[in-house]
Amino acid sequence: CWLEPSVRGAGLGARMVESAEAAFVKAGCTSVSLEVGKENAPGRRFWMGRGFADRAGFGLLEKALTKR
């Protein structure tokens, strides 16, 4: 998710994450993954502050698709 800068720091993002995680647990999920840019230090701090960590041995692969 992404929040407008004007509402950041008020706890809304943390509440959204807590709500989503509760729904995931209720649905039987045992883990959750997300993507955050390597250069996005504030975003990484936010997620790591909520228990997320780099996933050892994995990196993101991407391929742009074109219409045929």
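How many aromatic pairs does the count come to in this structure? I will start there and then work outwards; please keep in mind that this is a predicted model.

1. **Aromatic pairs.** The count comes to two aromatic pairs. In one of them, F46 meets W47 edge-to-face, with 4.9 Å from centre to centre and 90° between the planes. The other joins W47 to F52: the ring centres are 5.3 Å apart and the planes stand at 80°, so this pair is edge-to-face as well. The cut-off behind that label is an angle over 60 degrees between planes, for rings whose centres lie within 6.5 Å.

2. **One cluster.** F46, W47 and F52 belong to one aromatic cluster. W47 takes part in the pair with F46 and in the pair with F52, so you may like to centre your view on W47 when you look at this region.

3. **Burial of the rings.** W47 has 16% relative accessibility and therefore counts as buried, because the limit for buried is under 20%. F52 is buried too. F46, at 23% relative accessibility, counts as partly exposed.

4. **Charges over rings.** Two arginines are worth a look here. R50 has its charged end over the ring of F46, 3.8 Å from the ring centre. R55 lies over the face of F58, and here the distance to the ring centre is 4.0 Å.

5. **The largest pocket.** R55 turns up again in this point. The largest pocket holds about 680 Å³ of space. Its lining consists of 17 residues, and L34, E35, V36, D54 and R55 are those nearest the centre. Sorted by class, the lining has nine nonpolar, five charged and three polar residues.

6. **Overall fold.** The protein chain has two helices and zero strands. Helix α1 covers residues 12–26, while α2 covers 41–48. The C-alpha trace spans about 45 × 35 × 30 Å along its principal axes.

7. **How compact is it, or how spread out?** The radius of gyration of the protein chain is 15 Å, whereas a compact globule of 68 residues would have one near 11 Å. Buried residues account for 12% of the 68 residues. W47 and F52 are both buried.

8. **After α2.** L60 sits in the segment that follows α2. With 59% relative accessibility, L60 counts as exposed, because exposed means over 50%. L60 and E35 are 25 residues apart in sequence, and their C-alpha atoms are 8.6 Å apart in space. E35 is one of the residues nearest the centre of the largest pocket.

9. **Helix α1.** E18 is part of helix α1. Its relative accessible area is 53%, so E18 is exposed. Between the C-alpha atoms of E18 and M48 there are 14 Å, with their positions 30 residues apart along the chain.

10. **Between the helices.** G37 is found in the loop that runs between α1 and α2. The relative accessible area of G37 is 39%, which means that G37 is partly exposed. G37 and E21 are 16 residues apart along the chain, and 21 Å separates their C-alpha atoms.

Definitions and conventions. Residues numbered from 1 in each chain as written. Predicted model: local features only at pLDDT ≥ 70, side-chain atom pairs only at ≥ 80, totals over all residues. Heavy atoms only, no water. 1 Å grid on protein atoms, 1.4 Å probe; cavity = no way out; pocket = protein on both sides within 12 Å on 5 of 7 lines; lining within 4 Å. Points joined across faces, edges and corners; volume = space filled by probe spheres on them. Nonpolar A, V, L, I, M, F, W, Y, C, P; charged D, E, K, R; others polar. Phe/Tyr/Trp six-rings, centres within 6.5 Å; stacked < 30°, edge-to-face > 60°. Buried < 20%, exposed > 50% of the residue type's maximum accessible area, 1.4 Å probe, protein only. Lys NZ or Arg CZ within 6 Å of the ring centre and 35° of its normal. Helix = DSSP H or I, 4+ residues; strand = E, 2+ residues; numbered from the N terminus. Rg over C-alpha atoms; globule rule 2.2 N^0.38 Å.
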